[in-house]
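Trainee: Hi! Could you walk me through this structure? I'd like to start with the pocket.

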Amino acid sequence: GSTIQIYAIGQGFVPNAPPDGSPATASPLLSTPFTPQVAFGGLFTDEYPPGTGDPPDKTKFVSFSGLAPGLVGVWQINVQIPSAVPPGAQVILLVYAGSLASTDGSFVTTVAVK
């Protein structure tokens with residue numbers, strides 16, 4: 001049920017982005033024109049059964065996707081881990097921007113879930 005921040009690159013075009021080499025602003029936040037899908041352990045956040053503390057709308061697990069304030073060219077995704085994700089020291093984490101996945105299969109990103 002905790003919200004984590006994922007930091008990445010490759011978000012593509014962000015409206016009103018600062019000039020190249022300049023940090024993103026904190027006000028206003030600069031959001032991506034799409035909401036990425038996030039998967040934990042092979043299931044998208046909206047595929048887990050609802051649990052205590054989960055958002056009532058299963059499409060609201062991602063609360064922010066945009067440029068990380070104060071950083072240059074960094075994509076920040078704030079996502080709540082569904083309460084039904086099984087605990088583990090290395091739960092596979094995938095981010096999908098449309099049909100593009102955060103891996104080509106040669107590596108995986110993991111997150112520890114309590």
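Mentor: Happy to. One definition before the pocket: Ala, Val, Leu, Ile, Met, Phe, Trp, Tyr, Cys and Pro count as nonpolar, Asp, Glu, Lys and Arg as charged, and the others, Gly among them, as polar. Also keep in mind that this is a predicted model.

Trainee: Got it. How do the residues lining the largest pocket divide into nonpolar, polar and charged?

Mentor: The lining has 14 nonpolar residues and four polar ones, with no charged residues.

Trainee: And how much space lies in that largest pocket?

Mentor: About 270 Å³. The pocket is lined by 18 residues, and those closest to its centre are Ala-8, Ile-9, Trp-75, Val-95 and Ser-102.

Trainee: Which elements give two or more residues to the lining?

Mentor: They are strands E1 (3–8), E5 (75–80), E6 (88–97) and E7 (100–101).

Trainee: Which one gives the most?

Mentor: E6 does, with four residues.

Trainee: Let's switch to the aromatics. How many aromatic pairs are there in the whole structure?

Mentor: The search finds two. In one of them, Phe-34 and Trp-75 sit edge-to-face, with 6.0 Å from centre to centre and 75° between the planes.

Trainee: What does that pair tie together?

Mentor: Phe-34 is in the loop between E1 and strand E2 (37–40), while Trp-75 belongs to strand E5, so the pair links parts that are 41 residues apart in sequence.

Trainee: Is Trp-75 buried or exposed?

Mentor: Trp-75 is buried, because its relative accessible area is 5% and the cut-off for buried is under 20%. Its partner Phe-34 has 25%, so Phe-34 counts as partly exposed.

Trainee: What about the other pair, Phe-44 and Tyr-96: how do they form an aromatic pair?

Mentor: Phe-44 and Tyr-96 are edge-to-face as well, at 5.2 Å centre to centre with 65° between the planes. Phe-44 lies in strand E3 (residues 43–44) and Tyr-96 in strand E6, so this pair ties together parts 52 residues apart in sequence.

Trainee: How much relative accessible area does Phe-44 have?

Mentor: Phe-44 has 21%, which makes Phe-44 partly exposed. Tyr-96 is partly exposed too, at 22% relative accessibility.

Trainee: Back to strand E5 for a moment. Which side chain does Gln-76 join in a polar contact?

Mentor: The side chain of Gln-76 makes a polar contact of 2.8 Å with the side chain of Asn-78. Gln-76 is in strand E5, and at 10% relative accessibility Gln-76 counts as buried.

Trainee: New topic: where does Thr-103 lie?

Mentor: Thr-103 is in the loop between E7 and strand E8 (109–113). Its relative accessibility is 21%, so Thr-103 counts as partly exposed.

Trainee: What does the side chain of Thr-103 reach?

Mentor: One atom within reach is the backbone nitrogen of Gly-105, at 3.0 Å. The Thr-103 side chain also reaches the backbone oxygen of Phe-107, at 2.4 Å.

Trainee: And how far apart are Thr-103 and Leu-93 in space?

Mentor: They are 9.8 Å apart, C-alpha to C-alpha, with their positions 10 residues apart in sequence numbering.

Trainee: Last one: what pLDDT does the chain average?

Mentor: The average is 95, and 100% of the residues score at least 70. Among the elements, E5 has the highest mean pLDDT, 98, and E7 the lowest, 92.

Note on methods:
Residues are numbered from 1 along each chain as its sequence is written. This is a predicted model: local features need pLDDT of at least 70, side-chain atom pairs count only at pLDDT 80 or more; totals for chains, interfaces and linings use all residues. Side-chain values use heavy atoms; hydrogens and water are left out. On a 1 Å grid over the protein atoms alone, a cavity is a set of points where a 1.4 Å probe fits but cannot get out, and a pocket is an open set with protein on both sides within 12 Å along at least five of seven lines; lining residues have an atom within 4 Å of a point. Grid points are joined across faces, edges and corners, and a volume is the space filled by probe spheres set on the points. Buried means under 20% relative accessible area, exposed over 50%, partly exposed in between (1.4 Å probe, protein chains only). A polar contact is a pair of N or O atoms within 3.5 Å; within protein, one must be able to donate a hydrogen and the other to accept it, and residues adjacent in sequence count only if both atoms are side-chain atoms. pLDDT is the predictor's confidence in each residue, from 0 to 100. Rings of Phe, Tyr and Trp (its six-membered ring) pair if their centres lie within 6.5 Å; planes under 30 degrees apart count as stacked, over 60 as edge-to-face and the rest as tilted.
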